[in-house]
Amino acid sequence: MARNSLPALLREDLKAARAQDPAANSDLEVGFAYSGVHAVWAHRIAHAMWNRPHLRTGARLLSQFARFLTGIEIHPAATLGRRVFIDHGTKIVIGETAIIGDDVMMYQGVTLGGRALDKTKRHPTIGNRVMLGSGCRILGPVTVGDDSAIGANAVVVTDIPANSVAIGVPAQWRHKDGNYPLDPRLDLIDPAFLL
């Protein structure tokens, strides 16, 4: 069996849930009781269908049925990497042109949405090993670099470099090593104001 075969991907999804959720007790529990895992599994099937033009209507119907069951909406054209885990998954929306890397952890209420109506790349690209906090919104064709974290309720509308943390509305980022980006607007602030 090929490493990227559908059954192998489904088994990896189970293992990812067990690895990232300390409350997960067994593969059986995760397989039957985790809506995030169910949504990812349904998406993997719908995505395979979407890549066959004569099955696109069926793919959309499957994705809507999965949305009804799980509260998680993933467009069948969206690209999900390996070992994506959605914890406490509800009210998640992943748009058509979104690309999600490997080993991504996503909490409830995440939106990977668009800001334009053009038929172009209009949804985010999420790198590998990224954590998306509860309620965050990543909007437009922005990129979140590998090994980054987006804080709860952050609204991201610009690129976030690799190995960074982004928080706030609109989101501001800093590298995980503590260095902040150089912002020329900071030169306009009187240093005495900061004391």
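Is Arg129 buried or partly exposed in this structure? In this predicted model, Arg129 has a relative accessible area of 42%, and because partly exposed residues lie between the limits of 20% and 50%, Arg129 counts as partly exposed. This report first describes the protein as a whole and then turns to its helices, its sheet and its backbone.

**Overall picture**

The protein has 195 residues, of which 43% count as buried. Its secondary structure comes to 4 helices and 15 strands. The exposed area is about 10700 Å², and carbon and sulfur atoms supply 60% of that area. Among contacts with a separation of 6 or more, 31% join residues that are 24 or more positions apart.

**Helices**

Helix 1 covers residues 6-20. Its 15 residues, at 1.5 Å a residue, should span 21 Å, and the end C-alpha atoms are indeed 21 Å apart, which agrees. The buried residues of helix 1 are Ala8, Leu9, Glu12, Asp13, Leu14, Ala16 and Ala17. An α-helix has 3.6 residues a turn, so residues three or four places apart point the same way. The cover over the buried residues of helix 1 includes helix 2 (27-33), helix 3 (35-50) and strand 3.

Helix 3 also holds Ala46. With a relative accessible area of 1%, Ala46 is buried, because the limit for a buried residue is under 20%. Apart from neighbours within four places in sequence, Ala46 is in contact with Ala59, Leu62 and Pro76. Ala46 and Ala77 are 31 residues apart in sequence, yet their C-alpha atoms are 8.3 Å apart in space.

Helix 4 (residues 56-70) contains Phe65. This residue counts as partly exposed, at 49% relative accessibility. Phe65 forms a nonpolar patch on the surface with Phe68 and Leu69, and together they have about 390 Å² of accessible area.

**The sheet**

Strands of a sheet pair through backbone hydrogen bonds, either parallel or antiparallel. In this protein, an open sheet of 6 strands has the order 3-6-9-12-14-15, with mixed pairing. Its edge strands are strand 3 (85-86) and strand 15 (172-175), each of which pairs on one side only. Two of the pairings are set out below.

| Strands | Sense | Bridges | Residues that stand opposite |
|---|---|---|---|
| Strand 12 and strand 14 | parallel | 2 bridges | Ala149 and Val165 |
| Strand 14 and strand 15 | antiparallel | 4 bridges | Ala166 and Trp173 |

Strand 12 consists of residues 149-150, and strand 14 consists of residues 164-167.

**Backbone features**

Most residues other than glycine have a negative phi, and most peptide bonds are trans. Several places in this model merit attention in that light.

The hairpin of strand 14 and strand 15 has 4 residues between the strands, and within this hairpin Gly168 takes a positive phi near 100°. Pro170 lies in the loop between these two strands. The peptide bond from Val169 to Pro170 is cis, with omega near -10°.

Lys91 is not a glycine, but has a positive phi of about 60°. Its place is the loop between strand 3 and strand 4 (92-94). At 66% relative accessibility, Lys91 counts as exposed, because the limit for an exposed residue is over 50%.

Arg129, with which the report began, likewise has a positive phi of about 60° although it is not a glycine. Arg129 belongs to the loop between strand 8 (125-126) and strand 9 (131-132).

Conventions: Residues numbered from 1 in each chain as written. Predicted model: local features only at pLDDT ≥ 70, side-chain atom pairs only at ≥ 80, totals over all residues. Heavy atoms only, no water. Pairing = 2+ DSSP bridges. Patch = residues over 30% accessible without salt bridge, like charges linked within 9 Å, V, L, I, M, F, W, Y side chains within 5 Å. Areas by Shrake-Rupley, 256 points an atom, 1.4 Å probe, with all protein chains shown as cover. Salt bridge = Lys/Arg side-chain N within 4 Å of Asp/Glu carboxyl O. Buried < 20%, exposed > 50% of the residue type's maximum accessible area, 1.4 Å probe, protein only. Expected span 1.5 Å × (residues − 1). Contact = heavy atoms within 4.5 Å.
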